[in-house]
Amino acid sequence: MKRPSPTLPTASTALLLLVLLAMSIMLVSGRDIAHQLTLAACTDAGDCGTFPDSPPVCHYAGRDRVVARESFAFAQQTPVEGARLIQFGDDSAEVIVPGDDDSAEVYGFLRWEDAQRWVMDHSSQFRGIAGAAAGPTGQPIRDGYLRMLRLTGLDHEAELEPVATTVQVNEPSGPGSHGVLRQNAQGEIVQVTVVMPLDEATAELQDFAAALGIWGFISYTIDLGLELKPDRLIFGGPASEGWSLTQLRSAAGIPRSSASDELPGYAESGEAVLRSFVLDLTQRANTALYREIFAMESVSGTAAPLLTAEDWTSSGERSELYSQVIERVRSGAVAVETTHTLQDADSGEETVLAAVEGLVVQAGNTASPETRLVSARTADLLISSASFDPLLTCEPKPDENEDDHVRKGLL
Amino acid sequence: MRRFTLYWPAFRAGTLLHLTWGVTVLALAVIIGPPLAWLVGGQVVTALIALVAVSGRALAGYLTARQLWAVWATPGLVLRTTLSAAGTGYAAVFFPLSVLGVSASTAMVTAGASATLFMVLDCLLALAATASGALIASRSKRRYRRRLFDASQLPVVKEISESFAEHRAKARLNV
């Protein structure tokens, strides 16, 4: 009787080698296939959860809409543990990954679809599934698989490098203030954002904020170009109720505002409203004002422009400076007002303030509630009769004439 | 000192089996896992993948050991060969990936010491699954061996018996 051989038959060996080769080839493009299958599955289910989605913005011409699309955040969310994702109105997105100290790394994506892929690659859920192939303890198999693709040149995407880093600063503009300095890959400061709580601010700053229809806190953001040349200045904060553009235009100096400083009604309904005023610092008048109210100060080992009026000027000088700012705002700023729903968060003053601060600071590692834009409106205050116009709807107003349709580029 | 001996043909076959299974289950986890997780939940899919992986390793151990039991190898040789093949196949697929994963510079990196411990624990689990498959294969081979001692079932014995019966029948007719 012939004894069975303790080896695999030739056919079985060939079959195993064939399967090994086929699976290895599939692994090369496995991540892309998984991305497509996952998006198809969640799209069919009607909810892709924390995956970024395309923002619905109409492609209008007009200075106010262009400015708004570049500045407002469509959504902020925590797609994976330890990271924060911000989607912007121009389809781009950023992921902020905090470091061990007060710094954070910012990864930029020109398209929201690329941010989708990043979220999937770093999902702890998906990481655990790949690790289960090795065993139940959760080895970083997926991270190793992605790294193997890059090292062998099989990944068509280059290793993602941070486009910027951010550093938190404390009390840069008076007591209670805090902010973020954003540095590009070359170490140059490109943006300064400071939040100033109004309950610790001077009376002049409180009046200034009230005139702009802002409560809770007021923030300023300075976008800088080459050699710290300022490009844009934004004042913003949670919108108060009972405010209108008419009040802003009504009188010289700081107008007396009838806006309420109490918790707005929208805060109880799970919404947060951010009101911003954008000044173009390439205009000479705005540049002159900027040089008066901001000064280069040393902070966190570097020089950055900061609002020094709260610390270094008298009450009368502060009032005069803020009056000039109001004048520049009412005569040439772009007003942007965005309404956001709070995702899975309790309503209330603290939540609303935290959500709006996240939308203002953007690139900071603030632990903010998740939000999603529901509506936005803009007004170009350079036009004396301008009023707020909706940004996200493409439906014309009932009393608009044909010339307005052509100007706005409606289909 | 006893020598650590392996049956190399079975070792090669077993290593190929475990290598192929490791790559296959990894491909399934990477490609099918995420969309399934979206539909039924990540924990369910993770548990399912882990169960499939362990079951496959037990089956590979069974297939490798069955060949050895069939040639009446000693239990020690069977276990040494099947477990060595399993360890080699598992390590060839998952150890490099685990090391690369630990060294990847992300904000969520696992500490090196704990990652090494996890590697060892998962490998031990894989070996345990393989050993269980090998022992199950030994039970089926022992039953086969007991039937062998019943000589009347051997083909040559059957042939002789039939020939004898045929000749006896012819002899009766001649008489």
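**How chains A and B meet**

In this predicted model, 52 residues of chain B are in contact with 52 residues of chain A. Putting the two chains together buries about 4,600 Å², and carbon and sulfur atoms account for 76% of that area. Charge pairing across the interface doesn't show up: the rule finds zero salt bridges between chain B and chain A. What does turn up is a set of seven residue pairs in polar contact, with both partners at pLDDT 80 or more.

On the chain B side, five helices each supply at least two residues to the face that touches chain A, namely α1 (8–31), α2 (33–40), α3 (42–70), α4 (75–103) and α5 (112–148). Of these, α1(B) gives the most, with 15 residues. Sorted by class, the side of chain B that touches chain A comes out as 41 nonpolar, nine polar and two charged residues.

One helix pair is worth picking out from the interface. Helix α6 of chain A (residues 141–151) runs across α4(B), with the two axes coming within 7 Å and crossing at roughly 90 degrees. Angles from 65 to 115 degrees count as roughly perpendicular, so that is how α6(A) and α4(B) lie with respect to each other. From α6(A), the residues making the contact are A:I141, A:D143, A:G144, A:Y145, A:R147, A:M148 and A:L151. Facing them from α4(B) are B:F94, B:L97, B:S98, B:L100, B:G101 and B:S103. By class, this helix-to-helix contact has seven nonpolar, four polar and two charged residues.

Salt bridges do occur elsewhere in the model. Over all chains, the structure holds seven of them, even though the rule finds zero across the interface of chain B and chain A. One example sits within chain A, where the side chains of A:E204 and A:R318 meet at 3.2 Å, N to O. This pair ties together distant parts of the chain, as its two residues are 114 residues apart. A:E204 belongs to helix α7 (residues 203–211) of chain A, while A:R318 belongs to helix α11 (residues 315–332) of chain A.

Notes. Residues are numbered from 1 along each chain as its sequence is written. Chains are lettered from A and ligands numbered from 1 in the order in which they are written. This is a predicted model: local features need pLDDT of at least 70, side-chain atom pairs count only at pLDDT 80 or more; totals for chains, interfaces and linings use all residues. Side-chain values use heavy atoms; hydrogens and water are left out. Contact means heavy atoms within 4.5 Å. Buried area is the accessible area (1.4 Å probe) that two parts lose on being put together, summed over both. A salt bridge is a side-chain nitrogen of Lys or Arg within 4 Å of a carboxyl oxygen of Asp or Glu. A polar contact is a pair of N or O atoms within 3.5 Å; within protein, one must be able to donate a hydrogen and the other to accept it, and residues adjacent in sequence count only if both atoms are side-chain atoms. Helices (H or I, at least four residues) and strands (E, at least two) are DSSP runs, numbered from the N terminus. Ala, Val, Leu, Ile, Met, Phe, Trp, Tyr, Cys and Pro count as nonpolar, Asp, Glu, Lys and Arg as charged, and the others, Gly among them, as polar. Axes are lines fitted to C-alpha atoms, for helices over the stretch in contact, and angles run from 0 to 180 degrees between N-to-C directions. Angles under 35 degrees count as roughly parallel, over 145 as roughly antiparallel, 65 to 115 as roughly perpendicular and the rest as oblique.
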